[in-house]
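Dear colleague,

I am passing on the structure below, which you have not worked with before, and under it you will find my notes on what turned up when I went through it. Please read them with the model open beside you.

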Amino acid sequence: MATPGKQFLEAIRQGRLMLPFDNAAGSFMALHEMDRADENRIQWKAASGQGIMVALAIYHRRYTAEVDPPYNVAMVRLKEGPVILSTVLGDAEYLSVGMSVTAVFQDGNRLAFEPEGDGAGPAHTTDEEDARP
């Protein structure tokens, strides 16, 4: 079985958000839970990409070469249950915990989230070619 991180990232490169699903429990699981799971019970399924921000931070230091600071990082509780850490697009002034967000894929290898509706404020723009639900 390929490592969970590799399977997750390969799906992102394909513009899909895939999560491990425990067939015995009947629920999605977080990637870090897979090391304790019986791989015969796990199948990868598409996730909706919809979620709620449960925590938000603004990074002012560079932690990755792909993103210039400052940038928003949030813990997003996906509709399917697991929590994922990801970048959130938009002006931090208009972002808040509890806001609904949707997954978008950028540059062929990055997952980010954007607020639903007008939540990102006037400075928010998205290249529709890069944003796929």
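In helix H1, which spans residues 4–13 of this predicted model, the buried residues are Phe-8, Ala-11 and Ile-12. These residues lie on the same side of H1, because they cover an arc of only 105 degrees around the axis. In general, residues three or four places apart in an α-helix point the same way, since there are 3.6 residues a turn. The cover over the buried residues of H1 includes strands E1 (18–22), E3 (42–46) and E6 (83–88), together with E7 and E8. Just after H1 comes Gly-15, which takes a positive phi of about 75 degrees.

As for the strands, E4-E5-E6-E8-E7 is the order in which 5 of them form a closed barrel, and the pairing in it is mixed. From one strand to the next, the twist averages 50 degrees. Within this barrel, E7 (residues 100–106) and E8 (residues 110–115) pair in the antiparallel sense over 6 bridges, and Ala-103 stands opposite Phe-113 in E8.

The largest nonpolar core has 26 residues, and Phe-8, Leu-17, Met-53, Val-76, Leu-111 and Phe-113 are those with the most contacts inside it. At least two residues of this core come from each of H1, E1, E3, E5 (71–78), E6, E7 and E8. Leu-17 is worth following by eye: leaving aside its neighbours within four places in sequence, Leu-17 is in contact with residues including Phe-8 and Ile-12, as well as Leu-78, Ala-103, Phe-105 and Leu-111.

With best wishes

Note on methods: Residues numbered from 1 in each chain as written. Predicted model: local features only at pLDDT ≥ 70, side-chain atom pairs only at ≥ 80, totals over all residues. Heavy atoms only, no water. Pairing = 2+ DSSP bridges. Helix = DSSP H or I, 4+ residues; strand = E, 2+ residues; numbered from the N terminus. Axes fitted to C-alpha atoms, helices over the stretch in contact; angles between N-to-C directions. Buried < 20%, exposed > 50% of the residue type's maximum accessible area, 1.4 Å probe, protein only. Arc of directions from axis to C-beta. Contact = heavy atoms within 4.5 Å. Core = buried A, V, L, I, M, F, W, Y, C linked by side-chain atoms within 4.5 Å.
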